[in-house]
Amino acid sequence: MGRYSKFYIDGQWVEAAQARTFEVVNPATEEVCGTVAFGSAADVDRAVAAARVAFPAWSETGVPERLDVLRAIADAYQKRRDDLGAALTEEMGAPAGLANGFQLDLAAGHLAKAIEILETFAFTVHSGQTLVVKEPIGVCGLITPWNWPLNQIAVKVFPALATGCTAVLKPSEQAPFTGQIFAEILDAAGVPAGVFNLVQGDGPNVGVPLSAHPDVDLISFTGSTRAGIDIARNAAPTVKRVTQELGGKSPNIILDDSDFADNVGRGVSGVMLNSGQTCSATTRMLVPRSRMAEAVEAAHAAAAQVTVGDPNGDAAIGPVVSGSQFDKIQALIQQGINEGATLVIGGTGRPDGLDKGYYVKPTVFANVTNDMTIAREEIFGPVLSILGYNDIDDAVAIANDTEYGLAGNVAGADLDRARTVARRIRAGWVSINDAFDFACPFGGYRKSGNGREWGEFGFDEYLEIKGILGYADR
């Protein structure tokens, strides 16, 4: 992909404070595919200072001016789709069809939704004699992951800019190319200097100083629960707002009705998407215990259709992102075997014919119990656990028996029944029959995080609420 030696700070491409770089490994080939400058606390200081200087003017711009900027970003984004798709395939192994399709369309969809919301968003509301004002919170530190890189950048940067905040973005060091191109897009769109800034690097050298920085008013983080806990600790002394979208171990309750086999198959396909590297993936499939054999048959058939291979080809899934992720997934698959779950398909090792690259076999376990490791821990690979339930009360109890609460799904032909079950799941995002909506709030309960992204709810995270008493005439 190339060599990136500069960061985007205060509207300029500037050299890093230290002459260090890190290598980006293509997970399909296990070979270095580029290098990126390695940031430090000094780079964070420069970026935050630029964002702080830019904040007063940007926060006071009118909605029409911010809409013009967002629309210019949308135009510039479309011109770089091919570059972004190629970067996604190279840096994190997304198959070309997924990278150039859904991965890119998600970010574009969030931008379109931000523009739509901003056109009518109520920044002031009269409440009797009091004027309630929603004001931009200030300088925002945005830390994003590698699994859906553009989506996670989009759901943070676009609401921040739309509400009048300024931002410093730290993308994942495992998927940095898309962040670089994204900064080039915003530069081409004419985003005012200092409103958006980019610093590359890892957690200890960039994430920690950004989280702890006294001039950062908000940290928005997407990633593991472990890292989220560390970020909250680092941010605590400055009492800044922290919003987090963290891990998940989400349930998919398959109801006992006429669409049963199709719903099982669709659930398998959903988990395998993006090589299973989706925090909201419904990796615990709950089926009636009396229909476990039928579920196993349908799941096997669906998983057997998931092709694995070169992401530049026509395979359904490519590799997982890194060697460390590959090793973690292999260990958890082996743990499932050791703990007595029924291996339906897949297992340890690479798929046949793939001796290089971090490829994982599409794997399905059945007869899993909720106390097993594979039912408790987020695997973040193409691995599904099927659990049996006795009745709906039992299904809901199993679904909610987790330290997470990010997402869930209820699949069934009886919509009224599905609605009732969905309301009982303790999670922030619950779909009925895999429904999707850019305006729906996305975020978790418990160890899946706090705060919400997407749609109008994502705007609220970047706003402070002020009450001006006596504003109206008595």
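A cavity, in the sense used on this tour, is a set of grid points where a 1.4 Å probe fits but cannot get out. The model on screen is a predicted one, and a search of the whole structure finds four such cavities of 30 Å³ or more.

Start with the second largest cavity, which holds about 70 Å³ of space. To display its lining, select Gly248 and Lys249, then Gly276, Thr278, Cys279, Ala281 and Thr283, and finally Glu378, Ile379, Phe380, Gly381 and Val383. Coloured by class, this lining shows five nonpolar, five polar and two charged residues.

Move next to the largest cavity, whose volume is about 90 Å³. Its lining has 13 residues, and those to select for the closest approach to the centre are His110, Ala114, Pro159, Trp454 and Gly455. Showing helix H4 (96-120), helix H5 (149-162) and helix H15 (455-460) then brings up the elements that each give two or more residues to this lining. By class, the lining of the largest cavity consists of nine nonpolar, three polar and one charged residues.

Now turn to the surface and select Phe102, Leu273 and Phe436, which together make a nonpolar patch of about 260 Å². Centre the view on Leu273, which sits in the loop between helix H9 (260-272) and strand E14 (284-288). Is Leu273 buried, partly exposed or exposed? Leu273 has a relative accessible area of 34%, and therefore counts as partly exposed, since that class lies between the limits of 20% and 50%.

How values were computed
Residues are numbered from 1 along each chain as its sequence is written. This is a predicted model: local features need pLDDT of at least 70, side-chain atom pairs count only at pLDDT 80 or more; totals for chains, interfaces and linings use all residues. Side-chain values use heavy atoms; hydrogens and water are left out. On a 1 Å grid over the protein atoms alone, a cavity is a set of points where a 1.4 Å probe fits but cannot get out, and a pocket is an open set with protein on both sides within 12 Å along at least five of seven lines; lining residues have an atom within 4 Å of a point. Grid points are joined across faces, edges and corners, and a volume is the space filled by probe spheres set on the points. Helices (H or I, at least four residues) and strands (E, at least two) are DSSP runs, numbered from the N terminus. Ala, Val, Leu, Ile, Met, Phe, Trp, Tyr, Cys and Pro count as nonpolar, Asp, Glu, Lys and Arg as charged, and the others, Gly among them, as polar. Patches are made of residues with over 30% relative accessible area and no salt bridge: like charges are joined within 9 Å, nonpolar side chains (Val, Leu, Ile, Met, Phe, Trp, Tyr) within 5 Å. Accessible areas come from the Shrake-Rupley method with a 1.4 Å probe; for residues, only the protein chains shown count as cover. A salt bridge is a side-chain nitrogen of Lys or Arg within 4 Å of a carboxyl oxygen of Asp or Glu. Buried means under 20% relative accessible area, exposed over 50%, partly exposed in between (1.4 Å probe, protein chains only).
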